[in-house]
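The exercises below are to be worked with the sequence and the model side by side. Each task is followed by its solution.

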Amino acid sequence: MQSGHVHRKVHASKDRMETLLQQLTQGNALILIIILGIGGSFHCGYHITGLSSPSPYIQRFINSSWYDRYEEPPPPQTITMIWSLIVSMYAVGGVFGAVSVKFVSGMLGRKKAMIFNSFIAIVAAGFMLTSKGAKSYEMIIVARILYGYSAGLGQSTHLMYLGEISPRKLRGIVTLTSATFASLGKLSGQVFGLSQILGREELWNIVLCVPAFFSVVQVIVLPFLPEAPRYLFIEKGDDKACKKALQSLWGQGDYKEEMDEMLAEQAAIESAPPKSPLQLLRDRTVRWQLITMSTIYCCNQLSGMSAISTFSFDIFLEAGIPRDKIRYITVGLGVSEIITSISCGLLIERTGRRPLFWGGYAVMSASWVLFTVTLNLMDSSYWVPYIAASLIISFIIFFCGGPAGATAALNSEIFVQSDRLAAFVLMGIQRWLMFAVLGLVFPFLINALNSYCFVLFACVCLLGCLYTFFLLPETKGKTMLEISEEFKAITVCGKSSLEEKKVETKL
């Protein structure tokens, strides 16, 4: 009896996969997802890992450029300061990119905004490529600011575009592709940085220009693909163009359910016009959406994922892995990140968003607690470092397969069209500012707390687990207006946003 039940579940899962593949390949949706990915979040992932391999060569270039210019070697603190600027200006550019999302996407539309963003990335690559011949480290700084701007604008527009092209039943898996392409970018940064490929001193400026090739592909191909249907219908009021875009993306059909959902959302927007970021912050009806996304972004960034890139080398060295092989191990971690991200895509529409959040955070928190214990017992036995390394791998798997993947889906689901642009601006500013602050504070944190800084990460993950378990509503298979109502109904200390609104109305 049980084996028959299992057989039916496997058969149903297989049918669901076949239906999904059929829907993705009926129209141009799959091509658009790939083109958006290689010109969007791929760049963010690549520039996170791409700078680590050529860093010693760039510092030597700064030294030699200074000497050629002033005929004396630069003071060590000058090289450190210029290098710090090269690293940190990426985050500064990212903040400006995130701030301009509302203006650029609103003025140009989603498709033209992505093409404009690709042009910025190509210009940045031009500066980076010619900096070596010009012997100018200032050009590297300019390139990094432009790369950051492109990443900040591109990541938010990419996610918005995905949310606005996908039917309700496929929204989770489509929006999750942004996380998959970010992981692919990270892996590409590690692979191209290998000494056998582009990780050599004479090629350092080329390895930092690789993503621009994909931007060129996006500029050529994207004009032939459709604009976001939701943008066309709700913001442009063109229902014929919207239906044509849906049919071009997902194959022939009347798409009445999708059009009705957009019509209901448009009616809601007419009574509440688009808001600015400041107006959104003051709006009590979206308070829980903002608190939720802000908490999840904080938990993701302070979960310790960035610490892994800092500590993985030392951990694997302790585990007895030869120094020259560690880079290949990190490439292996990048591959596992992509596989996990794809697996999350297949799970998200079946399990929903909530279990991926709270389950992922719970395992991540436990991994950090056990990791702290193993660090303090590192000398007690030869097998302890291997346990530490396996805990790092389990953390990466549950981060990418849980919160990292589900965040992409949730971000494009919980805000209605009139609030979405302003929300993306606010979330983008928070993400990039935290990225910059973490880069500055993290070294001091390690010096102050040593191995116990991982307990801090465990506490952050535990907070994420508790918040998403008790307060986050499930969004799977619901319209954006239904999700909005569920957030309004969240009750804390016996009060909800709906009740507060009723009280205000009576007064």
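**Exercise 1.** Which residues does F395 touch, not counting residues up to four places away in sequence?

*Solution.* The model is predicted, so local features need pLDDT of at least 70 and side-chain atom pairs count only at pLDDT 80 or more, while totals for chains, interfaces and linings use all residues. Residues are numbered from 1 along each chain as its sequence is written, and side-chain values use heavy atoms, with hydrogens and water left out.

Step 1. Apply the contact criterion, heavy atoms within 4.5 Å. F395 then touches S303, G304, M305, I308, M364, S367, W368 and C461.

Step 2. Place F395 in its core. A nonpolar core is a set of buried Ala, Val, Leu, Ile, Met, Phe, Trp, Tyr and Cys residues joined through side-chain atoms within 4.5 Å. Buried means under 20% relative accessible area, exposed over 50%, and partly exposed in between (1.4 Å probe, protein chains only). W368 and F395 touch the most other members of the largest core, which has 51 residues. A second, separate core has 36 residues, including F42, I58, W66 and I140.

**Exercise 2.** Compare the length of helix α15 with its expected span, then assess its burial.

*Solution.* Step 1. Helices (H or I, at least four residues) are DSSP runs, numbered from the N terminus. The expected span is 1.5 Å times one less than the number of residues. For the 15 residues of α15 (287–301) this gives 21 Å, and the end C-alpha atoms are 21 Å apart, which agrees.

Step 2. In α15, 11 of the 15 residues are buried, so the helix is largely enclosed by the rest of the structure. Among them are W288, L290, M293 and Y297.

Step 3. Repeat for α7. Its 29 residues should span 42 Å, and its end C-alpha atoms lie 41 Å apart, in agreement. Because 24 of the 29 residues are buried, α7 is also largely enclosed.

**Exercise 3.** Describe the backbone and accessibility of E71 and K135.

*Solution.* Step 1. E71 is not a glycine, yet its phi is positive, near 55°. This residue sits in the loop between α4 (55–70) and α5 (76–99). With a relative accessible area of 67%, E71 is exposed.

Step 2. K135, also not a glycine, has a positive phi of about 55°. Its loop joins α6 (101–134) and α7 (137–165). At 45% relative accessibility, K135 is partly exposed.

Note on methods:
Helix = DSSP H or I, 4+ residues; strand = E, 2+ residues; numbered from the N terminus.
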